[in-house]
Amino acid sequence: MNEPPPQAKSGRNRLIRPYAVTGGRTAPRTQLALEALVSSATAPSVDFAMLSTEYQAITSLCRQIRSVAEVSAMLHMPLGVTRVLIADMAAEGLVQIHHPSLDAGKPDLNLLERVLSGLRRL
């Protein structure tokens, strides 16, 4: 009676433990804030098919600029895993990270509006 989910039958979309995706790492190689914005920087010379499924998903999502937190939520991926993967991708030149500038300690109004909009979509 307890039939496995359809993904388990076909072998596709298998559940992979988060630590396996990051090679056991729990922290990104560089500081990466939740509100940091990420955009795809994939050059034409990069073979998209050779990227991992996680890298492909992040690259596709980040064709539009998104925050690290948005990417995590949209991919239903733990935030720590997302931060590690995005930092790795930035080191490989696959994405660009845009750190928001804070003027005199005040956050950018545009950033706050984007965060609020993202929260409303959840």
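Okay, let's start with the overall layout: the protein chain has 6 helices and 3 strands. Keep in mind that what you're looking at is a predicted model. If you walk along the sequence, the elements come in the pattern α-α-β-α-β-α-α-β-α. The chain has 122 residues, and buried residues account for 27% of them. One more number for the whole chain: take the contacts between residues at least 6 apart in sequence, and 69% of those join residues at least 24 apart.

Today I'd like to stay mostly with one helix, α4, and look at what surrounds it. Helix α4 covers residues 68–75. Which of its residues are buried? Those are V68, E70, V71 and S72. And what do these buried residues pack against? Quite a list: β1, which is 37–40, then α3 at 53–61, β2 at 66–67, α5, and α6 at 109–121.

Let's go to the helix partners. Two packed helices are described by the angle between their axes and the distance between the axes, so that's how I'll introduce each pair.

Take α5 to begin with, residues 79–91. The axes of α4 and α5 come within 9 Å and cross at roughly 120 degrees. That angle makes α4 oblique to α5. As for the hand, α4 passes α5 in a right-handed crossing. Who's touching whom? On the α4 side we have V68, A69, V71 and S72, and on the α5 side L79, T82, R83 and I86. Sorted by class, this contact has 5 nonpolar, 2 polar and 1 charged residues.

Let me pause on S72, one of the α4 residues in that contact. S72 is buried, with a relative accessible area of 8%, and the cut-off for buried is under 20%. If we set aside its neighbours within four places in sequence, S72 is in contact with M77, P78, L79 and T82.

Now the other partner, α3. Here the helices pack at an angle of about 120 degrees, and the axes are 11 Å apart. So α3 and α4 are oblique to each other, and their crossing is right-handed. The residues making the contact are A57, I58 and L61 from α3, with V71, M74 and L75 from α4. What does the class count look like for this one? It has 6 nonpolar residues, with no polar and no charged ones.

Have a look at A57, which lies in helix α3. A57 is partly exposed, with a relative accessible area of 26%. From A57 to V71 you go 14 residues in sequence, and their C-alpha atoms are 9.2 Å apart in space.

While we're on α3, there's T59, also found in that helix. Is T59 buried or exposed? T59 counts as buried, at 1% relative accessibility. Its C-alpha atom is separated by 7.5 Å from that of L94, and the two residues are 35 apart along the chain.

Back to α4, and to a charged pair. How many salt bridges turn up in a search of the whole structure? The search finds 1. That salt bridge is between E70 and R114, and their closest N and O atoms are 3.0 Å apart. The pair links distant parts of the chain, as E70 sits in helix α4 and R114 in helix α6, 44 residues apart. What about their surroundings? E70 is buried, with a relative accessible area of 11%, whereas R114 is partly exposed, at 26%.

Last stop: the end of α4. The helix is followed by H76, which is found in the loop between α4 and α5. H76 counts as exposed, at 74% relative accessibility. Now, most residues other than glycine have a negative phi. H76 is not a glycine, and yet its phi is positive, about 55 degrees.

To recap, helix α4 has right-handed crossings with α5 and with α3, E70 in α4 forms a salt bridge with R114, and H76 follows the helix with a positive phi. That's my tour, thanks for listening!

Note on methods
Residues numbered from 1 in each chain as written. Predicted model: local features only at pLDDT ≥ 70, side-chain atom pairs only at ≥ 80, totals over all residues. Heavy atoms only, no water. Axes fitted to C-alpha atoms, helices over the stretch in contact; angles between N-to-C directions. Helix = DSSP H or I, 4+ residues; strand = E, 2+ residues; numbered from the N terminus. Parallel < 35°, antiparallel > 145°, perpendicular 65-115°, else oblique. Left-handed = near helix turned anticlockwise from the far one by under 90°. Contact = heavy atoms within 4.5 Å. Nonpolar A, V, L, I, M, F, W, Y, C, P; charged D, E, K, R; others polar. Buried < 20%, exposed > 50% of the residue type's maximum accessible area, 1.4 Å probe, protein only. Salt bridge = Lys/Arg side-chain N within 4 Å of Asp/Glu carboxyl O.
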